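Please look over the structure below before reading the report. Each term is explained where it is brought in.

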Amino acid sequence: MTPHDQGHQGNGARMYGRGTTRTGRRVTGVAVAAMLAMTAACGDGGGPEPERPAASSPAPDQAPPAAQGLENAALADGRRIGPYAVRKPDEPPFSENYTADPASCQPLVSLAPGATAHDPVAEAHRQADIPEEAAGIGVLVQLRTYEGDGAAAVLRDLAAAGESCAGGFTEVRTLARAKVLSVEPAEAPALGDEAKAFRITVRDVKEDLKLYEYLTVVRSGRTTLSFRADYMGTKDVGGVPKEIVEAQWKQFTDAGSGST
C-alpha cells in the first residue's frame, strides 16, 4: 500500500464525501502481497462457492436479479466515464479476503460473503481508474443482491460498525496488519432506499503516514451498491467520484434493478 504522491490532478472530478479517498490500501497493499494473494487465489482450484438460488418473489420489480441480471446492471467493461476507465476483474478482488480485528468492524473492510450474517445470492465487481495516471484514484464498485431483508440488515451492520469502530481497528491483510486510525461519517448520496458513507483514515503499513479512503454503500430494495475509493498518495481528495456513483446508479436503474 505504498502511496505514490502523484495524485489526483485537477481533472475536475466531482466527489461525494468530506475529505479523502482511500489511498492504496486495497489497490496496492504492497505489491508482493498482492501478487501472492492473487497467486493463491488462482492456485487453490476451489473457485467461488456456488450461488444460492434467488428466492422467488411475488412482484418482478422486487425480485433480486440473477447473477447475469446483476452483471447487466453493473457498469460495462471498457466503458469510459470522464477520465475513468471501467474494467471487469477476472476474479473478485484479493482484498475481499481481508478481515477486521475486532470482527464487528468487518463490514467496513469488505461486504464479501461471510462479512455479515447475510451472504449475497449474486454479486458483480468492477474497477474504475484513470489509465493515464500511474498512481491515482481507483474505485472498486460492487453490486450484491440478497434474499429477503438481507440487504437492509447489511446496511444496519455497516452503520453499527461505523459507530463502534469510529476510534479505529486493525485490518488484517495477506502479509500485513494495517492500523485504521479513525472512521468518520461522510456525506452520502440521496439515492435508493438508504445510503451510508464513511471517511476512513489508515496508517501506511510501511511508513508513519496517514492515508485516506472513502466507502459509500447505497441500498435499493434487495441490492447494495458499494463504492470504495483509494488514492495512491497521502492527499485527501474528498470522496468517491460523483460521476462514478451517478453512472453506476443510472446503469442500475436503466437495467430495471433500482427503486423508483
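The report goes from the whole chain to its cores, strands, last helix and salt bridges.

## Basis of the model

This is a predicted model, in which local features need pLDDT of at least 70 and side-chain atom pairs count only at pLDDT 80 or more, while totals for chains, interfaces and linings use all residues. Residues are numbered from 1 along each chain as its sequence is written, and side-chain values use heavy atoms, with hydrogens and water left out.

## The chain as a whole

The chain contains 5 helices and 12 strands. Helices (H or I, at least four residues) and strands (E, at least two) are DSSP runs, numbered from the N terminus. Of the 260 residues, 52% are buried. Buried means under 20% relative accessible area, exposed means over 50%, and partly exposed lies in between (1.4 Å probe, protein chains only).

About 11,400 Å² of the chain is exposed, and carbon and sulfur atoms supply 51% of this area. Accessible areas come from the Shrake-Rupley method with a 1.4 Å probe; for residues, only the protein chains shown count as cover. A contact means heavy atoms within 4.5 Å. Among the contacts with a separation of 6 or more, 71% are between residues 24 or more positions apart.

## Nonpolar cores

A nonpolar core is a set of buried Ala, Val, Leu, Ile, Met, Phe, Trp, Tyr and Cys residues joined through side-chain atoms within 4.5 Å. The largest one has 32 residues, and the members that touch the most others are V139, L143, L225, F227, V240 and I244. At least two residues of this core come from each of α2 (67-73), β3 (84-87), β5 (122-129), β6 (137-145), β9 (194-203), β10 (210-220), β11 (223-231) and α5 (242-254). The largest share, 5 residues, is supplied by α5.

Which residues does I244 contact, leaving aside its neighbours within four places in sequence? They are I81, Y84, A128, V139, V141 and F227. Apart from this core lies another, of 23 residues, including L108, A161, A178 and V202.

## Strands and a loop

Strands β2 (residues 80-81) and β3 run antiparallel and are joined by 2 bridges. Two strands pair if DSSP finds at least two bridges between them. I81 has Y84 in β3 as its bridge partner. The two strands, β2 and β3, form a hairpin with 2 residues between them, and G82 in the turn has a positive phi of about 60°. β3 also pairs with β5 in the antiparallel sense, over 3 bridges. In this part of the model, V86 stands opposite A128 in β5.

A135 is placed in the loop between β5 and β6. A135 is buried, with a relative accessible area of 2%. Its C-alpha atom is separated by 5.3 Å from that of M232, although the two residues are 97 residues apart along the chain.

## Helix α5

The 13 residues of α5 should span 18 Å at 1.5 Å a residue, and its end C-alpha atoms are 18 Å apart, which agrees. The expected span of a helix is 1.5 Å times one less than its number of residues.

Within α5, the residues E243, I244, V245, A247, Q248, W249 and F252 are buried. An α-helix has 3.6 residues a turn, so residues three or four places apart point the same way. After α5 comes G256, whose phi is positive, near 85°.

## Salt bridges

A salt bridge is a side-chain nitrogen of Lys or Arg within 4 Å of a carboxyl oxygen of Asp or Glu. By this rule there are 15 salt bridges. One of them joins the side chains of E96 and R144 (2.4 Å, N to O). E96 lies in the loop between β3 and β4 (99-101) and R144 in strand β6, so this pair ties together parts that are 48 residues apart in sequence. E96 is buried at 12% relative accessible area, and R144 is buried at 1%.

The side chains of D101 and R177 also meet in a salt bridge (3.3 Å, N to O). D101 is in strand β4 and R177 in strand β8 (residues 177-185), so the pair ties together parts 76 residues apart in sequence. D101 is partly exposed at 40% relative accessibility, whereas R177 is exposed at 52%. In addition, E71, K88 and R126 are linked in a network of salt bridges.
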